[in-house]
Amino acid sequence: MSLSDPIGDMIARVKNAQARNHKKVELPSSNFKSKIADILKNEGFIKDFKVNNDNNKAVLSLELKYHSGNPVISTFERVSKPGRRIFSSAEGLPKINNGLGIAIVSTPKGVMTDLDARKQRVGGEIICKVF
């Protein structure tokens, strides 16, 4: 099954799993999704992630994180969509909830948070915002 927006699919699966209080969510894996999952883990939004190979298909398994019964991720939104790409310079990167949340940015130096992109002074495509 081919998807027109695999990152949007990832976001929808995480939101749906958290709405039902699932501990894990599985989705088709790619290097880009693994980098996004790595950022979410480093920023404390998910517990862990693993890439498993089942029948020659890579599956990304995310272990979701909850705090006193509520999901740690309260908002997970796609910013740049296939129909409308959103790019920003290093100075123009948005601050999510006055710095409490993060924006995940795809830059020429790799996928990183908005804070790292500002420090390295690189702009890029704003993939999503997490709070």
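The following questions and answers go through a predicted model, from its sheet and helices to its cores, salt bridges and loops.

Residues are numbered from 1 along each chain as its sequence is written, and side-chain values use heavy atoms, with hydrogens and water left out. As the model is predicted, local features need pLDDT of at least 70 and side-chain atom pairs count only at pLDDT 80 or more, while totals for chains, interfaces and linings use all residues.

Student: Which strands stand at the edges of the open sheet of three strands?

Tutor: Helices (H or I, at least four residues) and strands (E, at least two) are DSSP runs, numbered from the N terminus. Two strands pair if DSSP finds at least two bridges between them. The sheet has the order 1-3-2, with antiparallel pairing. Each edge strand has a single partner, so one side of it is left without a neighbour in the sheet; these are strand 1 and strand 2.

Student: What is the bridge partner of L27 in strand 3?

Tutor: Strand 1 and strand 3 pair in the antiparallel sense over five bridges. In strand 3, the residue bridged to L27 is L60.

Student: At what angle to strand 2 does helix 2 run?

Tutor: Axes are lines fitted to C-alpha atoms, for helices over the stretch in contact, and angles run from 0 to 180 degrees between N-to-C directions. Contact means heavy atoms within 4.5 Å. Helix 2 packs on the sheet and touches strand 1, strand 2 and strand 3. Its direction makes an angle with that of strand 2 of about 155°.

Student: How far does helix 2 reach from its first C-alpha to its last?

Tutor: Helix 2 has 12 residues. The expected span of a helix is 1.5 Å times one less than its number of residues, and for helix 2 the expected value is 16 Å. The span in the model is close to that, at 16 Å.

Student: Which element supplies the largest share of the largest nonpolar core?

Tutor: A nonpolar core is a set of buried Ala, Val, Leu, Ile, Met, Phe, Trp, Tyr and Cys residues joined through side-chain atoms within 4.5 Å. Buried means under 20% relative accessible area, exposed over 50%, and partly exposed in between (1.4 Å probe, protein chains only). The core has 25 residues, and L40, I46, L62, F76, I104 and V130 have the most contacts inside it. Its largest share, five residues, comes from helix 1.

Student: How many residues make up the second, separate core?

Tutor: This core includes I96, A117, V122 and I126. Its number of residues is eight.

Student: Where in the chain do R78 and D5, the two partners of a salt bridge, lie?

Tutor: A salt bridge is a side-chain nitrogen of Lys or Arg within 4 Å of a carboxyl oxygen of Asp or Glu. R78 and D5 meet at 3.0 Å, N to O, and both residues are buried. The pair links distant parts of the chain, 73 residues apart: R78 is in strand 6 (residues 76–78), and D5 is in the segment before helix 1.

Student: Is D9, the salt-bridge partner of R13, buried or exposed?

Tutor: The side chains of R13 and D9 meet at 3.0 Å, N to O. The two residues lie in helix 1, four residues apart, about one turn of the helix. R13 is partly exposed, with a relative accessible area of 32%. At 18% relative accessibility, D9 counts as buried.

Student: What is the relative accessible area of D114?

Tutor: D114 is found in helix 3 (residues 114–120). Leaving aside its neighbours within four places in sequence, D114 is in contact with L93, P94, K95, I102, A103 and V105. D114 is buried, and its relative accessible area is 3%.

Student: What phi does N55 have?

Tutor: Most residues other than glycine have a negative phi. N55 lies in the loop between strand 2 (46–54) and strand 3 (57–64), and it is exposed, with a relative accessible area of 75%. Although N55 is not a glycine, its phi is positive, at about 55°.

Student: Where is N21, which also has a positive phi?

Tutor: N21 has a phi of about 55° and is not a glycine. N21 is partly exposed, with a relative accessible area of 49%. Its place is in the loop between helix 1 (6–19) and strand 1 (24–28).
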